[in-house]
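User: Please take a close look at one part of this model, and explain with care how its strands are paired. Where the neighbouring features help to complete the picture, bring them in as well.

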Amino acid sequence: LQVLLPGQTSLPGSSNGYTGEASTRTAGTEFTITVYGVDSNWNRNLACVEQVTIQTTDKYDTEPSGKGLTAGTTTFAVTLKTGAVGLTPNATAQICATNQPGYTLSSNTSTVVTAVPGSAAKLLIILPGESAVAGKNTDPFGKTGNPGNWTAGTSTGIVIVSCDANWNVKPAQPSVSVKLSDPNNTSVQSLSLLASGYRTFSVTPYTVGLCSATAWATSYEQYT
């Protein structure tokens, strides 16, 4: 099998079977890959009708269903979800094509493709004890860890992040407002995010008990 990404073209008989470089993709945006059934010199076998499945290294995308080759080729629609690593924009992925059980073509893994964040869409709040996890689409969305206890009367740093629709940090500098659910601290703090797309806000709860923080900004989905 041979996996080609957008930007790559089949080149039978060459050392690696293709020419061109994989183009950068945007997390959350669908693109098409091509899979060929080839011989050992990367020549397409037009009689090949193997059943093929693909799997990406993106932990949070959804793999398409397997399908058969037609005249030695087929395509798959892929949508990567991870476009950052922690709070650093951009991530890489690879895509592997394998035969379904009962077929004998060797599997093939694509070259590396870079995925960048999509358009800014959501805010994310990271509390002490939590870490950002780009692309994570299960609760707690976009992060992992357990927030620690806060002490009434003591300031605590919380991180507000500009994210795309898939919880990848998206560098932007909107003016963000933050407030606590504490009935004894109803103040609203407003600051612009830094060029990195995130910023630490210092908040102080005054009341013992459960407390949450809410962040909002124009054109962003509010987060609590």
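**Strand β19 and its surroundings**

Analyst: In this predicted model, strand β19 and strand β22, the latter made of residues 213-216, run antiparallel to each other and are joined over four bridges. One of the contacts that sets the register is that of leucine 180, whose bridge partner in β22 is alanine 213. Strand β19 itself covers residues 175-180, and it also pairs in the antiparallel sense, again over four bridges, with strand β20, which covers residues 189-192. On that side valine 178 has glutamine 189 of β20 as its bridge partner. As general background, strands of a sheet pair through backbone hydrogen bonds, in either a parallel or an antiparallel sense.

Elsewhere in the chain, an open sheet can be set beside this arrangement: three strands follow one another in the order β1-β5-β8, with antiparallel pairing. Because β1 (2-4) and β8 (73-78) stand at the edges and each has a single partner strand, one side of each is left without a neighbour in the sheet. From one strand to the next, the twist averages 25°. Within this sheet, strand β5, formed by residues 31-36, pairs with β8 over six bridges in the antiparallel sense, and threonine 34 has threonine 75 of β8 as its bridge partner.

Turning to side chains, the structure holds one salt bridge. It is formed by glutamate 130 and lysine 143, whose closest N and O atoms are 2.9 Å apart. The pair links distant parts of the chain, since glutamate 130 belongs to strand β16 (residues 130-132) and lysine 143 to strand β17 (residues 143-145), with their positions 13 residues apart in numbering. With a cut-off of under 20% relative accessible area for a buried residue, glutamate 130 counts as buried because its relative accessibility is 13%, and lysine 143 is likewise buried, because its relative accessible area is 7%.

A last feature to consider is the open space in the model. The largest pocket holds about 380 Å³ of space, and 19 residues line it, with Gly148, Trp150, Gly209, Leu210 and Cys211 lying nearest its centre. By residue class, the lining of this pocket divides into 11 nonpolar, seven polar and one charged.

To return to the part that was asked about, β19 has antiparallel pairings with β20 and with β22, and the partners named for its residues are glutamine 189 for valine 178 and alanine 213 for leucine 180.

How values were computed:
Residues numbered from 1 in each chain as written. Predicted model: local features only at pLDDT ≥ 70, side-chain atom pairs only at ≥ 80, totals over all residues. Heavy atoms only, no water. Pairing = 2+ DSSP bridges. Helix = DSSP H or I, 4+ residues; strand = E, 2+ residues; numbered from the N terminus. 1 Å grid on protein atoms, 1.4 Å probe; cavity = no way out; pocket = protein on both sides within 12 Å on 5 of 7 lines; lining within 4 Å. Points joined across faces, edges and corners; volume = space filled by probe spheres on them. Nonpolar A, V, L, I, M, F, W, Y, C, P; charged D, E, K, R; others polar. Axes fitted to C-alpha atoms, helices over the stretch in contact; angles between N-to-C directions. Salt bridge = Lys/Arg side-chain N within 4 Å of Asp/Glu carboxyl O. Buried < 20%, exposed > 50% of the residue type's maximum accessible area, 1.4 Å probe, protein only.
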